[in-house]
Amino acid sequence: MPRPATDNDFQQPQKTVARIGVTGCMGRVGALVVKELLAHHHVGAALAGGTVKPNYPDKADFFITHKPEELFERSDVVIDFTTPEATRQHLWLAAKHRVPLIVGTTGLDDVMEKERMLPRKPRFYVLPRGVSA
């Protein structure tokens, strides 16, 4: 005999929210990405936080850190708009934490070729030249 329907049977399923981290969150492009995420225009996306350089103030209305690993630990995906040197570290953290990394940093030709040889391949995506966020 089937069980009677309850109110729980008619509730909308909960939506999954992707926690998005932004490295270089106070830079020119990173700040725009943060602003867009904080505006809540995108259903299913939320700002997990961001990173800043060690000498930069870490005061904001959202989680901000000088330590990129802290951001990777709390993010489902990370968007990187930093420097080639910082991106190299972020690729390793993406592999370690198995977090997809979207790279918008310019000047990565040599860095990317070397990092493609990582033992634990991170999933990363590089925005082609001329594409803006």
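**Figure 1. The whole chain and its long-range contacts.** Taking contacts in the protein between residues at least 6 apart in sequence, 54% of them join residues at least 24 apart. Keep in mind that this is a predicted model. The protein has 4 helices and 6 strands, and from the N terminus on they come in the order β-α-β-β-α-β-α-β-α-β. Of its 133 residues, 37% count as buried.

**Figure 2. How far to trust each part of the model.** The pLDDT averages 79 over the protein, and 69% of the residues score at least 70. Among the elements, helix H2 (residues 68–73) has the highest mean pLDDT, at 96, and strand E6 (residues 124–126) has the lowest, at 55. Then there's the stretch 129–133, where the pLDDT is below 50. Beyond near neighbours in sequence, that stretch has 3 contacts in the model.

**Figure 3. Strand E2 and the strands it pairs with.** Start with E1 and E2, which run parallel and are joined by 5 bridges. One spot to find here is Ala18, whose bridge partner in E2 is Ala45. E2 also runs parallel to strand E3 (residues 64–65), with 2 bridges joining them. Look for Gly50 here, standing opposite Ile64 in E3. Is E2 enclosed or open? It is largely enclosed by the rest of the structure, because 6 of its 7 residues are buried.

**Figure 4. Strand E1, with E4 alongside and H1 on the way to E2.** E1 and E4 pair in the parallel sense, over 4 bridges. To get your bearings, find Gly21, which stands opposite Val78 in E4. If you follow E1 through H1 to E2, you trace a right-handed β-α-β unit.

**Figure 5. Inside the largest nonpolar core.** This core has 14 residues, and the ones touching the most other members are Ile20, Val22, Cys25, Val33, Val34, Leu37 and Leu47. Strand E1 (18–23), helix H1 (28–38), strand E2 (45–51) and strand E4 (77–80) each put in at least two residues. H1 gives the largest share of this core, with 3 residues. Another core, of 9 residues, lies apart from this one, and includes Leu91, Val99, Leu101 and Val103.

**Figure 6. A close look at Ile20 and its contacts.** Ile20 is one of the residues that touch the most other members of the largest nonpolar core. Which residues does Ile20 contact, leaving aside its neighbours within four places in sequence? They are Leu37, the run of Ala45, Ala46, Leu47, Ala48 and Gly49, and then Ser75, Val77 and Ile79.

**Figure 7. Thr23, a buried residue with a polar contact.** Thr23 sits in strand E1. With a relative accessible area of 0%, Thr23 falls under the 20% cut-off, so it counts as buried. The Thr23 side chain makes a polar contact with the side chain of Asp80, at 2.5 Å. Asp80 is also one of the residues Thr23 is in contact with once its neighbours within four places in sequence are left aside. The others on that list are Thr51, Leu71, Phe72, Val78, Ile79, Phe81, Thr82 and His90.

**Figure 8. His40 and its positive phi.** Most residues other than glycine have a negative phi. His40 has a positive one, near 60°. You'll find His40 in the loop between H1 and E2. Is His40 buried or exposed? It counts as exposed, because its relative accessibility of 62% is over the 50% cut-off.

**Figure 9. Arg98, a second non-glycine residue with positive phi.** Phi of Arg98 is near 55°, which is a positive value in a residue other than glycine. Look for Arg98 in the loop between helix H3 (84–97) and strand E5 (101–103). Its relative accessible area is 62%, so Arg98 is exposed.

Conventions. Residues numbered from 1 in each chain as written. Predicted model: local features only at pLDDT ≥ 70, side-chain atom pairs only at ≥ 80, totals over all residues. Heavy atoms only, no water. Core = buried A, V, L, I, M, F, W, Y, C linked by side-chain atoms within 4.5 Å. Buried < 20%, exposed > 50% of the residue type's maximum accessible area, 1.4 Å probe, protein only. Contact = heavy atoms within 4.5 Å. Polar contact = N/O pair within 3.5 Å; in protein donor to acceptor, adjacent residues only side chain to side chain. Pairing = 2+ DSSP bridges. Right-handed = clockwise from strand over helix to strand, strands pointing away. pLDDT = per-residue confidence, 0-100.
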